[in-house]
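Open the model in your viewer and keep the sequence panel in sight. This tour goes stop by stop, telling you what to select and what is there.

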Amino acid sequence: MPIKLRAPVAAATLLLGLACLPGSASAEEQTTQVRVVTTLGEFVIEVRPERAPLTAANFLRYVKEGFYTNTLIHRVVPNFVIQGGGHDATTMSLKTTHENIVNESGNGLQNKRGTVGLARSTAPHSGNAEFYINLVDNPDLDPVPTRWGYAVFGRVVQGMDVIDKIGETPTGAVGPFKQDAPLKPLIIQSVTVVAPAAAAPAAPPVNPAEPQKILSPK
């Protein structure tokens with residue numbers, strides 16, 4: 001099923017606008033890596049602030065605040081994506097987040113196997129804390145002139161075997177999740193920066209919105 005999204009402006013226009021925003025990434029930030037420890041193992045994400053400055057800064061802010069500790073990988077779709085980082089592992093409820101992020105899907109980074117993107121609902125600028133990892137190449141998640149895509153802001157550089165293991169976990173309906181939820185809880189135990197990065201600006205939290213999700217094109 002195609003993703004039902006439309007873009008009010010071209011993705012290239014968005015990219016040009018973002019390039020003029022303050023707080024662009026420095027060369028030091030371009031090497032930022034984050035270690036994610038889960039109940040099935042750990043993996044390392046390389047963040048790309050030079051290509052997705054707003055999305056990368058947003059993700060790193062949540063990392064530094066410890067937001068992702070004890071959250072769920074609540075969605076696993078074989079041969080598509082795994083997704084998590086928004087639901088408390090104890091209550092399964094959405095955690096309070098900061099403001100939503102402008103969609104940076106026009107940054108030239110494609111949804112290839114092992115890349116990391118910002119999950120969102122059907123509204124193009126609705127992403128906040130949840131992230132997904134592509135198990136395979138997913139070109140249907142990339143932007144085209146007639147619709148927004150899903151913004152890639154990093155890639156897995158270590159532990160792709162752990163990602164594949166997570167992608168094979170049995171799933172079904174669990175608690176508030178109607179489908180695709182691991183039958184045995186998959187918990188993100190910690191997410192920590194393992195390379196230098198500039199501090200992300202503080203912002204007041206907002207109340208949880210509807211569950212953020214990416215829509216399967218299959």
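**Stop 1: the β8–β9 hairpin**

Select residues 171-174, strand β8, together with residues 177-182, strand β9. This is a predicted model. The two strands make a hairpin, with 2 residues between them. Pick out Gly175 in the turn: its phi is positive, about 55 degrees. The strands run antiparallel and pair over 3 bridges. For one of these bridges, show Thr171 and look across to β9, where its partner is Pro182.

Now highlight Ala173, also in strand β8. Is Ala173 buried or exposed? Its relative accessible area is 58%, over the 50% cut-off, so Ala173 counts as exposed. Setting aside neighbours within four places in sequence, Ala173 is in contact with Lys178 and Gln179. Then draw a distance from the C-alpha atom of Ala173 to that of Leu183: the gap is 7.6 Å, for residues 10 apart along the chain.

**Stop 2: β1 and its two partners**

Move to strand β1, residues 33-38, and add strand β2, residues 41-47. They too form a hairpin, with 2 residues between them. Their pairing is antiparallel, over 6 bridges. Next add strand β10, residues 187-193. It pairs with β1 in the antiparallel sense as well, over 5 bridges.

Which residues partner Val34 in these two strands? In β2, the bridge partner is Ile45. In β10, Val34 stands opposite Val193.

**Stop 3: helix α3**

Select residues 160-167, helix α3. Colour its buried residues: Met160, Val162, Ile163, Ile166 and Gly167. They span an arc of only 155 degrees around the axis, so they lie on the same side of α3. What covers them? Show β1 and β2 again, then β3, β4, β6 and β7; these are among the elements that cover the buried residues of α3.

**Stop 4: Thr55 in helix α2**

Go to helix α2, residues 53-65, and centre on Thr55. Its relative accessible area is 0%, so Thr55 is buried. Which residues does Thr55 touch, not counting those up to four places away in sequence? Show Ile101, Val102, Glu104, Leu118, Ala151 and Phe153.

**Stop 5: the aromatic cluster**

Show the side chains of Phe59, Tyr62, Phe67, Tyr68, Phe131 and Phe153. Together they form one aromatic cluster. The count for the model comes to 7 aromatic pairs. Take Tyr62 and Phe67: their ring centres are 4.7 Å apart and their planes meet at 55 degrees, so this pair is tilted. Both rings belong to buried residues, with Tyr62 at 1% relative accessible area and Phe67 at 7%.

Next, pick Tyr68 and Phe131. Their pair is edge-to-face, with 5.4 Å from centre to centre and 90 degrees between the planes. It links distant parts of the chain, 63 residues apart. Tyr68 is in the loop between α2 and β3, while Phe131 is in strand β6, residues 131-134. Tyr68 is buried at 1% relative accessible area, and Phe131 is buried at 4%.

**Stop 6: charges over rings**

Stay with Phe67 and add Lys95. The charged end of Lys95 sits over the ring of Phe67, 4.4 Å from its centre. For another example, select Arg120 and Tyr150. Arg120 lies over the face of Tyr150, at 3.9 Å from the ring centre.

**Last stop: zoom out**

Show the whole chain as a cartoon. How many helices and strands does the protein chain have? There are 3 helices and 10 strands. Follow them along the sequence and the pattern reads α-β-β-α-β-β-β-β-β-α-β-β-β.

Now colour by accessibility. The chain has 218 residues, and 51% count as buried. Switch to the surface view: the chain exposes about 9,800 Å², with carbon and sulfur atoms supplying 57% of that area. Finally, turn to contacts between residues at least 6 apart in sequence. Of these, 74% join residues at least 24 apart.

Terms used. Residues are numbered from 1 along each chain as its sequence is written. This is a predicted model: local features need pLDDT of at least 70, side-chain atom pairs count only at pLDDT 80 or more; totals for chains, interfaces and linings use all residues. Side-chain values use heavy atoms; hydrogens and water are left out. Helices (H or I, at least four residues) and strands (E, at least two) are DSSP runs, numbered from the N terminus. Buried means under 20% relative accessible area, exposed over 50%, partly exposed in between (1.4 Å probe, protein chains only). Contact means heavy atoms within 4.5 Å. Accessible areas come from the Shrake-Rupley method with a 1.4 Å probe; for residues, only the protein chains shown count as cover. Rings of Phe, Tyr and Trp (its six-membered ring) pair if their centres lie within 6.5 Å; planes under 30 degrees apart count as stacked, over 60 as edge-to-face and the rest as tilted. A charge sits over a ring if NZ of Lys or CZ of Arg is within 6 Å of the ring centre and within 35 degrees of the ring normal. Two strands pair if DSSP finds at least two bridges between them. The arc is that of the directions from the helix axis to the C-beta atoms.
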